[in-house]
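Good morning, and thank you for coming. I shall walk through one protein model today, beginning with a single residue and working outwards.

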Amino acid sequence: MAFGWIDEQASARRRAGLVRTLRPRPADSPLLDLASNDYLGLAHHPEIIEGAAGAARTWGGGATGSRLVTGTTELHGELERELAAFCGFEAALVFSSGYAANLAAVTALAPHGSLVVSDAGNHASLIDGCRLARGTTQVVGHADPDAVRKALGAAEGPAIAVSDTVFSVDGDAAPLTGLAAACRAHGAGLVVDDAHGLGVLGDGGRGAPWAAGLAGAPDVVVTVTLSKSLGSQGGAVLGPAKVIDHLVNAARTFIFDTGLAPAATGAALAALRLLRREPERAARAREVARALHTRLTASGHEAVRPDAAVVSVRAPSPDQAVRWAADCRAAGLAVGCFRPPSVPDGVSRLRLTARADLTEAQIDRAVGIIGDTRP
Ligand code: PMP
């Protein structure tokens with residue numbers, strides 16, 4: 001029977017306790033939110049909402065076409081110019097998601113005969129970019145510039161190394177300086193995904209490449225999402241103008257995808273302008289992450305020291321992670337839960353995200369609930 005194999009997979013998933021379900025988030029949720037990626041607390045900011053609403057009033061509910069046909073508005077250009085300037089790069093190109101931006105960057109920069117060296121801890125969207133690319137991918141150990149250097153040494157054509165700047169599961173940072181040196185030693189490009197760095201790391205949230213002194217480098221390309229610290233939706237690639245021009249002409253997720261909706265573009269632009277005016281939000285998100293980590297480890301939890309806003313707490317097993325997250329929820333706290341197959345190392349975790357707008361009392365309350373519900 002058609003799709004019969006799906007029943008087998010579904011029962012295997014049920015037996016392993018790994019079934020995922022969707023739960024609508026109520027508009028007026030009473031939960032303390034440490035599960036979203038709204039790192040700067042901007043998603044509900046009146047200026048961001050007005051950015052979205054104003055853009056929709058002027059430009060309509062959708063982009064109406066691909067960027068190369070009718071889907072480019074003035075707002076897209078403004079966002080691209082301001083994002084590139086803010087992060088210190090020559091040019092930027094906005095996509096309908098960070099996922100699409102990553103597929104674009106990797107596929108368009110890895111032609112036939114090229115080598116892509118990819119960190120074992122990279123986000124699924126970079127992994128899928130490698131799978132779609134015409135070049136050959138070599139996966140290397142996590143956060144290991146020496147392994148990258150060695151792998152690049154075997155390249156016979158063009159080569160890139162790809163890495164998250166902040167890894168989404170444990171919140172640890174990539175060794176960007178070492179990766180850039182490894183790439184330069186072999187004339188390779190470095191493509192980094194700053195989804196969790198933009199708005200949190202670097203001066204006033206200019207991102208991890210800025211913090212590492214790599215902003216504007218001719219051999220560095222950065223991808224970002226507009227859906228985390230900027231409180232909107234969408235993605236972008238930043239880099240040298242010639243790379244951005246190449247993407248406009250060669251990246252399939254740019255050419256064949258409808259442009260980013262005006263509302264999302266307007267919201268991201270408003271968030272970027274607000275972040276320029278209120279740069280202290282970035283430092284506060286980092287401070288909240290450190291406070292969460294310090295208080296969690298002081299109460300005996302095994303938590304990874306956060307390099308940005310993601311705080312990861314180890315759970316004993318996938319089942320217990322799910323139950324722990326559910327018990328937190330029942331006690332009024334929303335946390336993320338990572339378990340196989342989202343985590344390739346098989347280690348389940350609670351994933352907490354620091355938000356710049358959390359108060360000291362809220363941090364204490366969150367740590368208290370996590371302690372009280374511990375399996
Ligand atoms: N890269 C990383 C590291 C991410 O965590 C995410 C979002 N989960 C993405 C890319 C994808 O971005 P978007 O949600 O905008 O598609």
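Is E360 buried or exposed? This is a predicted model, and in it E360 has 9 other C-beta atoms within 10 Å. A residue counts as exposed when that number is 12 or fewer, so E360 is exposed. E360 belongs to helix 14. Along the chain, E360 and L292 are 68 residues apart, and yet the distance between their C-alpha atoms is 9.7 Å.

Helix 14 takes us to a sheet. Four strands form an open sheet in the order 1-10-11-9, and the pairing is mixed. At its edges are strand 1, residues 32-34, and strand 9, residues 310-314, each of which pairs on one side only. On average, neighbouring strands here are turned by 35° against each other, if direction is ignored. Helix 14, residues 360-372, packs on this sheet and touches strand 1, strand 9 and strand 10. The direction of helix 14 makes about 80° with that of strand 1.

How do strand 1 and strand 10 run, parallel or antiparallel? They run parallel, and three bridges join strand 1 to strand 10, which covers residues 333-338. One of the residues to look for is L34, whose bridge partner in strand 10 is V335. For those new to the subject, strands of a sheet pair through backbone hydrogen bonds, either parallel or antiparallel.

Let us now turn to the other sheet on the screen. An open sheet of seven strands follows the order 2-8-7-6-5-3-4, again with mixed pairing. Which strands stand at the edges? They are strand 2, residues 91-95, and strand 4, residues 136-140. Each has a single partner strand, so one side of each is left without a neighbour in the sheet. Neighbouring strands of this sheet are turned by 20° against each other on average, direction ignored.

I shall take the two edges in turn. Strand 2 pairs with strand 8, residues 235-239, in the antiparallel sense, over five bridges. Within this pairing, A91 has G239 as its bridge partner in strand 8, and L93 has V237.

Is strand 2, as an edge strand, buried or exposed? Five of its five residues are buried, so strand 2 is largely enclosed by the rest of the structure. Both of its faces are covered: A91, L93 and F95 are buried on one side, and A92 and V94 are buried on the other.

At the opposite end of the strand order, strand 4 pairs with strand 3 in the parallel sense, over five bridges. S118 of this pairing has V139 as its bridge partner in strand 4. Strand 3 also has five of five residues buried, so strand 3 too is largely enclosed by the rest of the structure. From strand 3, L115, V117 and D119 point one way, V116 and S118 point the other way, and all are buried.

A contrast is offered by helix 1, residues 4-15. How many of its twelve residues are buried? The number is zero, so helix 1 lies largely in the open. We may also check its length. At 1.5 Å a residue, twelve residues should span 16 Å, because the expected span uses one less than the number of residues. The end C-alpha atoms of helix 1 are 17 Å apart, which agrees. Just after helix 1, G17 takes a positive phi of about 70°.

Finally, let us consider the protein as a whole. It contains 14 helices and eleven strands. Of its 375 residues, 52% count as buried. The C-alpha trace spans about 55 × 55 × 50 Å along its principal axes. For a compact globule of 375 residues, one would expect a radius of gyration near 21 Å, and the protein has 21 Å, which agrees. Among contacts between residues at least 6 apart in sequence, 72% join residues at least 24 apart.

How confident is the predictor, and what are its scores? The mean pLDDT of the protein is 96, and 100% of its residues reach 70 or more. For the complex, the predictor gives an ipTM of 0.99 and a pTM of 0.97. As a general caution, where pLDDT is low, the predicted coordinates should not be read in detail.

Thank you for your attention.

Conventions: Residues are numbered from 1 along each chain as its sequence is written. This is a predicted model: local features need pLDDT of at least 70, side-chain atom pairs count only at pLDDT 80 or more; totals for chains, interfaces and linings use all residues. Helices (H or I, at least four residues) and strands (E, at least two) are DSSP runs, numbered from the N terminus. A residue is buried if 20 or more other C-beta atoms lie within 10 Å of its own, exposed if 12 or fewer, and partly exposed in between; C-beta atoms are placed from the backbone. Two strands pair if DSSP finds at least two bridges between them. Axes are lines fitted to C-alpha atoms, for helices over the stretch in contact, and angles run from 0 to 180 degrees between N-to-C directions. pLDDT is the predictor's confidence in each residue, from 0 to 100. The radius of gyration is taken over C-alpha atoms; the globule rule is 2.2 Å times the number of residues to the power 0.38. Two residues are in contact if their C-beta atoms, placed from the backbone, lie within 7 Å.
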